[in-house]
Amino acid sequence: MNYTEPWEMHDKGKVMDLLHSPGYGLSTIEVAERRKVYGWNILPEPRGKSLLGIFFSQFLNPLIYVLIAAGLVSFWAGDKSDALFILVIIVINALLGTWQEFKAESSAKSLRKMVKAHARVFRDGSLTEVGAPELVPGDLVCLESGMRVPADIRLFEVKELLIEEALLTGESMPVEKHCVQMHQVGLPLGDQVNMAFAATTVLKGRATGMVVRTGTHTEIGKIAASLTQTEQEKPPLLARMDIFSRKISIAVVVICVLLGIIGWLRGMAAYDIFFFMVAVGVSAIPEGLPVALTVALSIGTSRMARRNVIVRRLPAVEGLGSCTLIASDKTGTLTMDQQSVKLIYLPDGRRLGISGQGYNGDGYVINEQGDLLDHEDDLLFELVKAAVLSNEGVLKKTRDGWEHSGDAVDVALRSLAYKLGKDPEYFTREVDIIRMVPYESENKYSGVYYQYRDQYYFAMKGAVETVSKYLSGTGQQIAFEESEGMAAAGYRVLALASGQVDSFETENLPELDLLGLTGLIDPLREEAVPAIRECREAGIEVAMVTGDHPATALAIAKRLGIAENDDQVITGKELAVLENASPAEFSAVLASKTVFARVTPLQKKVIIDGKKQLGHFVAVTGDGANDAPALKSAHIGIAMGAGTDLAKDAASIIVTDNNFASIAAGVEEGRFTYDNLRKIIYLLISTGLAEILLVALPIILGMPLPFLAVQLLWLNLVTNGIQDIALAFEKGDMAVMKKPPRRPTESIFDKQMNVQISVAALIMTLVTFGCWWLLINHFGYGEKHARSVLMMLMVLLQNFHVLNCRSETISFLKTPVKNNWTILIGISLAQLVHIGAAYLPGISKVLQLEPIALREWLVLLPAALTILLGMEVYKYIRNMSEKKIPSEKDGTNFFRDE
C-alpha cells in the first residue's frame, strides 16, 4: 500500500479497491494476515532513562573528563590522596545531578494520563469493540460522540460529526466533517474534512469510515517518527561550558609545560618537576566547579518548580534564561481553549459587552455606558431565549464547580443565561418545544420549533450567511455590515433570528426577524498580555505559531502585543512557496514575521530552524502532538502540563499550569541562575589563578613550593567549595528582566569577567606571596608550619572574596545579607572546617597541616581584608569610568527579597 496516498481525494469505491476491503468489514483471518504486513496500530514508546542511565549521563561533561585525567595522573604519580579527593568530588557531582533529574523525570511522568483507546469495528460481519492497537488498514469502524479516533480514517457516512483536532492542527474550533470527495491537491489537515485523524476527539455526532493508515503512518505517527530524527539542541550553558572546558584543558597543559621547562632550567630534579607540574595542574583546574554548577542548577530547578515550571534536564534552567525568542502555540497557551461570548449586537443598534470567560456562569452583561443589563431587557431576553432553545449543550453548577458537555458554542451560549442572573431554564419556562432541528454541517445552523401561548415560532442560530437568507432586506444588511467588523476583530460571529410559523417544515420557513449577533472568541489568558510585555521588555521576541485562520490569529496577536500589522503574518501555504527560495531570501522574510498561521506540524519545525539560523536562541511552547517536532528542535522545548504525552516527552521543561506567565517567571529564574553561575566561576577561577601564580613565582625565584597538591585540592574542593555553593543561593537582581538577553555567541569570560578575575587574582597573589617570602626568608619558619599559616591566609582570602563575588558591580556593603543568609553560614563553615582539619589526626596528616596560634590568625585577618578593600576600589573606579554609580537605594532595590 502507498502510505502517501491522498485518501481525501478518492471516492468511497476507490478507497475500498485500493485497500482490497469490502464495505462490510474484514474477517478475523484477514486481519491477522494484514497485521503481519502493517504491524500493530501503536506509536513507538519513548525510552525513558533508568536511574543508572541518568547517573552515568552525569559523566558526559568535558570538565569531568579533565578531572578524571587529573585523578589518573595523581594516582600514577603515587598521590593517592589527591586521586581520592578528585574521585569523591566527581561522584558527589554525579549523585546530585542524578537525584535532581530523577525527581524532574518522575514529576513529568506523573503528569501523563494513561488512556486506553478502544474502537468499534465490523469484524466477521458484526459490530464489535476491540483495542485500538488491533486495527489494520481496511477495517471498517464506527465513531461516536466522546470517542478518541483510533487511526486515520476516510469517512464514508457522517451524521452531525464535529471533531476536536487542536492537538494535531492547533485549530481552536472543532471541525465539521463531511464524507464528500475532495478535489484540491495538498490540502492542510484542518481542511481535509472527509478524514478523521488518529488521537483527535469526537465531540458530537457519529460516522462510519475505513481505516487507511495505522501506527507510525498516521499523521500523529509521522510526528512521533520525526522526533527520532531530530537531534536535541544543546542548551547554551553546555555549549559555553564545553568551550570553557576546552580552554581550561589547553591552558593547564601549556602552563604546566612552561613552568616545567623553567624548573628544568633551574636545575630541578625530574621527579620534583613532575610533582610540581601536578601541583600546577591541580591549581589550574576548578575541581569544585561541576558540583557548584549542579547545585546552582538544582536550586534554580527548585525555584522554578515553586513557580509551576518543571525542569526535566538541568541545563535547561539556564537555557530558558538565554532565549532571545519564544515561539508560542496559541490554543491553550495564550488562550483559554474555551469559547466565550464576549460581544452582542442587538437590532436596535446597541453593542453589549460580556465579562468573564470559560465554561461557567461567572460574569455579567454591560452596555457601552458601563451599565449592567439583566434578563428584563426585552431584546436581550429574546436573543438569549433563542440561544437556549436551539441548544443541545449542558452547563450546570455543582458542589465541585461547573460541569459542561456538548458543543463548545452551545455551552458558551448557555453561560450567557447565567450571566444575566438566571438559570437557562428560566428563559424557556413558558415554552413548549415541538421539534428540534439539530446542527448539520451542510446547513450551518440549528433551530427549534416551539409554542408560546397560542402561537408557533421557529428560532435559529448559525452562520451569518446562512441565517441572513431568512431575514428581510434590512435585517440582512445590518447582519452583514456588523458581522464584518466583528470578524475582523477576531470574533466568530453567529446570527440569531426567530418568527411565527404555520408549519414545522424547514423548507417553508417564512421571513424571520433578526434577534442579534453574538461574537464568540477563545479568550486570552488574562496573565498572557503582561507576561508577553515583560518578555519584550527583557529583549525577548514573542511569535505565535498556530493552525488558526490568519485573520483570527492576527486579531489575537494584536491584542497580545505580538503583532501590529498584516505584514507580520505569514501562512503555511506562503511558507511552503518560500521554502523554495534562496536561504538569504527565506531568512529575510522570516525575520519580519511574528505570526505564523495555518501551518502544518512539520512547518513549525522549519520556522524554528529558520529562526535559529537568524541567530536566535529559541524557546518553543506547545501542548499538542503537532508541537512535538518544534519542541525537540528548539534550544528549549516547553510543554504544557495539560498537553499530550508526545509534547512532554519532546520538551525539556513542562509548565504545569498551562500559563504563559509561568514561562516569563521561568525566564527570570533562568537569568538569576546564570548570574549565580557567573559569581561561582568568578570565585573559583580568580582563586585558582592566584594559586597558579603563587606556585609559579617561588619556582622562578628558587624558593620552595608554598602548597602541596593535596593542599590545593583541599582549598579548591572543601573550603572554597563550601562557599561557592553558598553563592548559588543568591536571590537575584530584580532588574534582570529589564536587560536584553545575552548574545548567543557571548562567552562566560567577557571583558568584565576577565578584568575582575585578573585584579582579584593579582591582589591575592601579592598578599600570599609576600607572606610566604616573609615566613621563609625573614621569620625563619619551617616549610610545614609556613604552609599551614599560608593555607589559613588563603582560606581567609576566600572568606572575604566571596563577599565581593555576590555582585560584580555593587559594593558588598550595599548587597543585603538578608537576600542570602547562606553566605554567612558558608563563610563560617569553611573557616571552622579548615581549623578543625588541623586538629584531626587523620586529616592533618594527609594535608600535612599544623594548628596555628591565635596571634598568627589575628595577624592574617587584616592581611586577608585587602582583597575586600582592593575589589571595592576596583568597583568604584570602574563604575566612575562608566558613570554608573548605583546609589544605596538602587543597590537595595536591585535585589529580590523573598
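This is a short group-meeting talk about one predicted protein model.

Okay, hi everyone. What you see above is a predicted model, so please keep that in mind as we go. Let's begin with the whole thing. The protein has 898 residues, and 57% of them are buried. Its secondary structure comes to 30 helices and 26 strands. Now look at the contacts between residues with a separation of 6 or more: 72% of those join residues 24 or more positions apart.

Next, some helix pairs. If you're new to this, two packed helices are described by the angle between their axes and the distance between the axes. Take helix H26, residues 783–804, and helix H27, residues 822–839. Their axes cross at roughly 175° and come within 10 Å. Angles over 145 degrees count as roughly antiparallel, so that is what we call H26 and H27. Who does the touching? On the H26 side you'll find, among them, Met-791, Met-792 and Val-795, and on the H27 side the list includes Ile-823, Ile-827 and His-834. Sorting the residues of this contact by type gives 10 nonpolar, 3 polar and no charged.

My second pair is helix H12, residues 378–389, with helix H13, residues 408–419. Here the angle is about 140° and the axes are 9 Å apart. That makes H12 oblique to H13. The crossing of H12 past H13 is left-handed. From H12, Leu-383, Val-384, Ala-387 and Val-388 meet Leu-413, Arg-414, Leu-416 and Ala-417 of H13. By type, that contact has 7 nonpolar residues, no polar ones and 1 charged.

Now cysteines. How many disulfides does the model have? The count is 0. Let's check one candidate, Cys-323. Its sulfur has its closest cysteine sulfur in Cys-535, 7.1 Å away, and a disulfide needs the two within 2.5 Å, so this pair is too far for a bond. Cys-323 is also buried, at a relative accessible area of 1%. Another cysteine, Cys-142, is buried too, with 9%.

Let me zoom in on two single residues. Ala-543 sits in strand S21, residues 541–545. Is Ala-543 buried or exposed? With a relative accessibility of 2%, Ala-543 counts as buried. Leaving out residues up to four places away in sequence, Ala-543 touches Leu-325, Ile-326, Ala-327, Ser-328, Ile-562, Thr-594 and Phe-596. Try finding Lys-330 as well: Lys-330 and Ala-543 are 213 residues apart along the chain, yet their C-alpha atoms are separated by 9.7 Å.

Then there's Glu-482, in helix H15, residues 473–488. This glutamate counts as buried, because its relative accessibility is 17% and the cut-off is under 20%. Setting aside neighbours within four places in sequence, Glu-482 is in contact with Tyr-345, Arg-351 and Leu-517.

Last stop, backbone angles. Most residues other than glycine have a negative phi. Let's look at two that have a positive one. Ala-199 has a phi near 80°, and you'll find Ala-199 in the loop between strand S6 (195–196) and strand S7 (201–213). Arg-453 has a phi near 55°, and its loop runs between strand S17 (445–452) and strand S18 (455–462). Where do they stand on burial? Ala-199 is buried, with a relative accessible area of 19%, whereas Arg-453 is exposed, with 62%.

That's my tour, thanks for listening!

Conventions: Residues are numbered from 1 along each chain as its sequence is written. This is a predicted model: local features need pLDDT of at least 70, side-chain atom pairs count only at pLDDT 80 or more; totals for chains, interfaces and linings use all residues. Side-chain values use heavy atoms; hydrogens and water are left out. Buried means under 20% relative accessible area, exposed over 50%, partly exposed in between (1.4 Å probe, protein chains only). Axes are lines fitted to C-alpha atoms, for helices over the stretch in contact, and angles run from 0 to 180 degrees between N-to-C directions. Helices (H or I, at least four residues) and strands (E, at least two) are DSSP runs, numbered from the N terminus. Angles under 35 degrees count as roughly parallel, over 145 as roughly antiparallel, 65 to 115 as roughly perpendicular and the rest as oblique. A crossing is left-handed if the near helix is turned anticlockwise from the far one by less than a right angle, and right-handed if clockwise. Contact means heavy atoms within 4.5 Å. Ala, Val, Leu, Ile, Met, Phe, Trp, Tyr, Cys and Pro count as nonpolar, Asp, Glu, Lys and Arg as charged, and the others, Gly among them, as polar.
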